[in-house]
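Got the model loaded in your viewer? Let's walk through it one selection at a time.

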Amino acid sequence: MTSLADSRGFRVFTAYAAAVVVTYGLALIAATQWMLGGSLQAGEEVTATQRMVVTGRELVGMLPSYGLIVAVAMALALSAAASISHYVPGLRGAGLVAAGFIGLMGVHFVARQLFGDAPVAAAGTTGGLLAQGLAGGVGGYLYYRMRRS
């Protein structure tokens, strides 16, 4: 009899949960630093302590809203990519990374079309949007690596 930790479903769920946590963390840290960088350009001084405090508050404060958005986006993107990858197993890793990247960028495009604004203000710039996509790509890569082991 196999244990719960050895079951495929547990491994997939654990990989998904880790991917969501990492994606959310990286995306929000990037967005916060992007916005604080705008303060620097405006001539305001932002200390390292202020950066850490603001980032911590953002991570906690945005969890109920943006955390849920990231969880849903990653669930849709990763499940679609995993399903497709059964037909092209050699491209599974690249597909999951691309799915995370596209999934997180897609959230901002859809939100902008529906509501006129992105869930994270930093995604209003090209660099900020790419940072969000990269966070999704890292989450997709983590999901790929954890599912394999």
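Start by selecting Q132. Buried or exposed, would you say, going by its relative accessibility? This is a predicted model, and in it Q132 has 0% relative accessibility, so Q132 counts as buried. The residue belongs to helix α5, which covers residues 126-148. Now show what surrounds Q132. Skipping neighbours within four places in sequence, you'll find Q132 in contact with A27, A31, Y66, L104, H108, V120 and A123. Keep a few of those on screen, as the tour comes back to them.

**Next stop: A123**

From Q132, hop to A123, one of its contacts. You're now in the loop between α4 and α5. A123 is at 1% relative accessibility, which is under the 20% cut-off, so A123 counts as buried. Which residues does A123 touch once those up to four places away in sequence are set aside? Light up H108, R112, A118, G128, L129 and Q132. Try a distance label on the C-alpha atoms of A123 and H108: it should read 6.9 Å, for two residues 15 apart in sequence.

**Two helices side by side**

H108 takes us to α4, where it is among the residues that meet α3. Colour α3 (residues 63-85) and α4 (residues 92-115) separately. In general, a packed pair of helices is described by the angle between the two axes and the distance between them. Here the axes come within 8 Å and cross at roughly 145°. Look at the handedness too: the crossing of α3 past α4 is right-handed.

To see the contact itself, select Y66, I69, V70, A73, M74, A77, L78, A81, A82 and S85 on the α3 side. On the α4 side, pick R92, G95, L96, A99, G100, G103, L104, V107 and H108. Sort that contact by residue class and you get 13 nonpolar, 5 polar and 1 charged residues. Y66, L104 and H108 appear here as well as in the list of contacts for Q132.

**An aromatic pair**

Hold on to Y66 and add Y24. How many aromatic pairs does the structure hold? Just 1. Y24 and Y66 form it, in a tilted arrangement with 6.3 Å centre to centre and 45° between the planes. The angle falls between the 30 and 60 degree limits, so the pair counts as tilted. Trace the chain from one ring to the other: Y24 sits in helix α1 (residues 8-41) and Y66 in helix α3, 42 residues apart, and the pair links distant parts of the chain. Both Y24 and Y66 are buried.

**Over to α2**

Y24 leads on to L59, in helix α2 (residues 48-61). With neighbours within four places in sequence left out, L59 is in contact with Y24, G25, L28 and I29. L59 has a relative accessible area of 26%, so it is partly exposed. For another distance label, use the C-alpha atoms of L59 and L26: they are separated by 9.8 Å, with their positions 33 residues apart along the chain.

**Out to the surface**

Now select R148, back in helix α5. At 53% relative accessible area, R148 is exposed. Which separation along the chain goes with the C-alpha atoms of R148 and A15? These two are 133 residues apart, yet their C-alpha atoms are separated by 9.5 Å.

**Zoom out**

Finish with the whole chain in cartoon view. You'll count 5 helices and 0 strands, running α-α-α-α-α from the N terminus on. The C-alpha trace spans about 60 × 30 × 25 Å along its principal axes. Switch on a surface: the chain exposes about 8,600 Å², and carbon and sulfur atoms supply 69% of that. Of the 149 residues, 36% are buried. As for contacts between residues at least 6 apart in sequence, 74% join residues at least 24 apart.

How values were computed:
Residues numbered from 1 in each chain as written. Predicted model: local features only at pLDDT ≥ 70, side-chain atom pairs only at ≥ 80, totals over all residues. Heavy atoms only, no water. Axes fitted to C-alpha atoms, helices over the stretch in contact; angles between N-to-C directions. Helix = DSSP H or I, 4+ residues; strand = E, 2+ residues; numbered from the N terminus. Left-handed = near helix turned anticlockwise from the far one by under 90°. Contact = heavy atoms within 4.5 Å. Nonpolar A, V, L, I, M, F, W, Y, C, P; charged D, E, K, R; others polar. Buried < 20%, exposed > 50% of the residue type's maximum accessible area, 1.4 Å probe, protein only. Areas by Shrake-Rupley, 256 points an atom, 1.4 Å probe, with all protein chains shown as cover. Phe/Tyr/Trp six-rings, centres within 6.5 Å; stacked < 30°, edge-to-face > 60°.
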